[in-house]
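User: I'd like a close look at how the charged side chains in this protein pair up. Please take it slowly, and mention any charged residue that's left without a partner.

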Amino acid sequence: MRSRSIITSALAAVVASGLLAVPPASAQDAGTPDKARLDKTHPNKPGYSPYAGRNFPTRPFFGDTHLHTSFSMDAGAFGARLTPRDAYRFARGEEVTSNSGQPVKLSRPLDFLVVADHSDGMGFFPQLMGGDPEVLATPQGRKWYDQIKGGQGGEAAMDIIASFSAGKMPKGFPTPGTASYRNAWMETIKSAEAYNDPGRFTAFIGYEWTAGGSSNLHRNVIFRGNGSQAAMVEPYTTLPPLGSPNPVDLWKWMATTEQKTGSEVIAIAHNGNLSNGIMFPTVEAFGKKVDSEYAQARARWEPLYEVTQTKGTGEAHPLLSPNDELADFELWDKGNLDGSVAKSKDMLEFEYARSALRNGLVLDARLGANPYKFGMIGSSDAHNALAAMEEDNFFGKTAPQEPSPERLTKAFVDNQKSGVKVMDWEVGASGYAAVWATENTREAIFDAMKRRETYATTGSRMIVRFFGGWDFAAADATDRMPAAIGYGKGVPMGGDLASAPAGKAPTFLVAALKDPIGANLDRIQIVKGWVDKDGKTQEKVYDVTWSGGRKPGKDGKLPPVGSTVDVANATWTNTIGAPELIAVWKDPQFDAKQRAFYYLRVLEIPTPRWTAYDAKRFGIKPAAGTRMTIQERAYTSPIWYSP
């Protein structure tokens, strides 16, 4: 199917009127078109305005659910000096001075932010550098203090990570119940309360549960409620006896926390590409079988997955998806968190989102519950309090990776024992969490995340809409009210399709608008996964609509969109691609007896990567093999079909 592009001047009107928005979460109201709902509300007063009485989202909100400050022990050791308050100031659009002394400001403010400092050792760095006598009396504490004071913060940070992973932290290490830990948590809460501005900027209260040692199982825990509720508990940690590295125990803590505080909480699983094969288990987890209870609990407490961030994108892998030529994108597939264990091929299946979604279908059939029924988001995982994810404004993951001529040639991880080496240039600028919510408040954004009306982007603020149903027709893609049509005929991203009507296959209304100050669009794809008649999982990527007059080749593949990137000058032009793409697609290989999922992948035209901007601005030549261009993309939450 060829694309239908709408002229650029239409973009502002489409965004302003909310035509690509989705309606509220109410399942009862989910199939009610705007006019019908309006007539039901005012039966004797049919209105002229198509917007009167509308209470559904008119825009996506862009934010970061995973940002660290100096309150995280590794971030502090690396050189972070900015606090949670600095992080919120920056995210809402203020200019700040970075950890390396450089002025920095976002091109546009974020809509929301979660400061998610590590649960274990929260506030340890200020305690260490404050010269705490108990910590400095230990060999480890004294060593780290001297290293950091001597300009070896990176070495100290990696040693801290290794010591924590081994469960060997010095005496005086802050744990729940100690004064230093409580003070750090209370300041985290107070910072969020101070900068939360309902309707304009949302500052969530949260933290990162830091489990898994060097094989990363981290989760970002977010509170829906306010400071007085969050202050009733302290973060759940991972080191025994006060904590546990088992996610099941975290979920139990979350249940208890909701009962105690009256605030809902959710957990977002960290990008799994550093877990070395343990993020998405299918047989056994922590010595126990993956059973129905595990599946139900994980689905209940973890509605979202962080598919892209600074340490790589975890949607798909070429070895898992050999027929997907676009799967090889910003990968970190060399080892675990500190590089102590090299990656093996058998680990990959249990680290990437697409394979987890596929395995979830099998588990659903076997257990009656799908543990991997998650929506997609992106976030930064930056450890310098700066949620700066744009390629031309990327301030790195840690303080030493803030802009400098050296970051194009230095190594970030260089484990001599395992041979695992990751260069600084391999660090990605990604990503954003995009959330379709009715308003910019904690409650509305949290509720949208819980119902999975979300998508991930690798740094662009493109607007993406995805509906599934049984009756979409080609004419629906020409209507200028696609949200009303999508809502009236189907379900939005993150939703479910019921058993198929006799003789029908699912249809999907897909739409995307370019980032207003970003690149044009290349294409929209639908990624389908299903369980075949033999009980095996399958997948296929369909090009649904695209820019230009391209035609698929004999192999069915769409030719590349081309490139206008001038690498030497770190520029590009929007003379290719389309500002908008919209289409209706029907599954040509649907079997009503087979479980399936569908999600969108939306690609922009190529643009300069942050490495190209660095090379231009610092006048240096990057190392051989350095990636200099990028095709930013978005991944929506899936729509699931169950027979």
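Analyst: Let's start with what counts as a salt bridge: a side-chain nitrogen of Lys or Arg within 4 Å of a carboxyl oxygen of Asp or Glu. By that rule, searching the whole structure turns up 42 salt bridges. Keep in mind that this is a predicted model, where local features need pLDDT of at least 70 and side-chain atom pairs need 80 or more, while totals for chains, interfaces and linings use all residues. Numbering starts from 1 along each chain as its sequence is written, and side-chain values use heavy atoms, leaving out hydrogens and water.

A good place to zoom in is D324. Its side chain meets that of R354 in a salt bridge, with 2.8 Å from N to O. Look at where the two partners sit: D324 is in the loop between β11 (312-313) and α13 (353-367), while R354 is in helix α13, so this pair ties together parts that are 30 residues apart in sequence. (Helices, H or I with at least four residues, and strands, E with at least two, are DSSP runs numbered from the N terminus.)

Now find R601, because D324 has a salt bridge with that residue too, at 2.9 Å from N to O. R601 belongs to strand β24 (residues 596-604) and D324 to the loop between β11 and α13, so here the parts being tied together are 277 residues apart in sequence.

Are these charges buried or exposed? Buried means under 20% relative accessible area, exposed means over 50%, and partly exposed is in between (1.4 Å probe, protein chains only). D324 has a relative accessibility of 6%, so it counts as buried. R354 is buried as well, at 2%, and R601 comes out at 0%, so it also counts as buried.

If you step back a little, those residues turn out to be part of something with more members. E315, D324, R354, R358, E539 and R601 are linked in a network of salt bridges.

Next, try a pair with both partners in one loop. K397 and D381 bring their side chains together in a salt bridge at 3.9 Å, N to O. K397 and D381 each lie in the loop between β12 (375-378) and β13, so the pair ties together parts that are 16 residues apart in sequence. K397 is buried, and D381 is too.

And the one left without a partner? That's D424, which is buried yet has no salt bridge. The nearest side chain of opposite charge belongs to K410, and it's 6.5 Å away. (Lys and Arg count as positive, Asp and Glu as negative; His and the chain ends aren't counted.) You'll find D424 in the loop between β14 (421-423) and β15 (432-436).

D424 does have a polar contact, though: 2.7 Å joins its side chain to that of Q401. (That term means a pair of N or O atoms within 3.5 Å; within protein, one must be able to donate a hydrogen and the other to accept it, and residues adjacent in sequence count only if both atoms are side-chain atoms.) Setting aside residues up to four places away in sequence, D424 touches Q401, R407, K410, A411, F412 and W610, where contact means heavy atoms within 4.5 Å.
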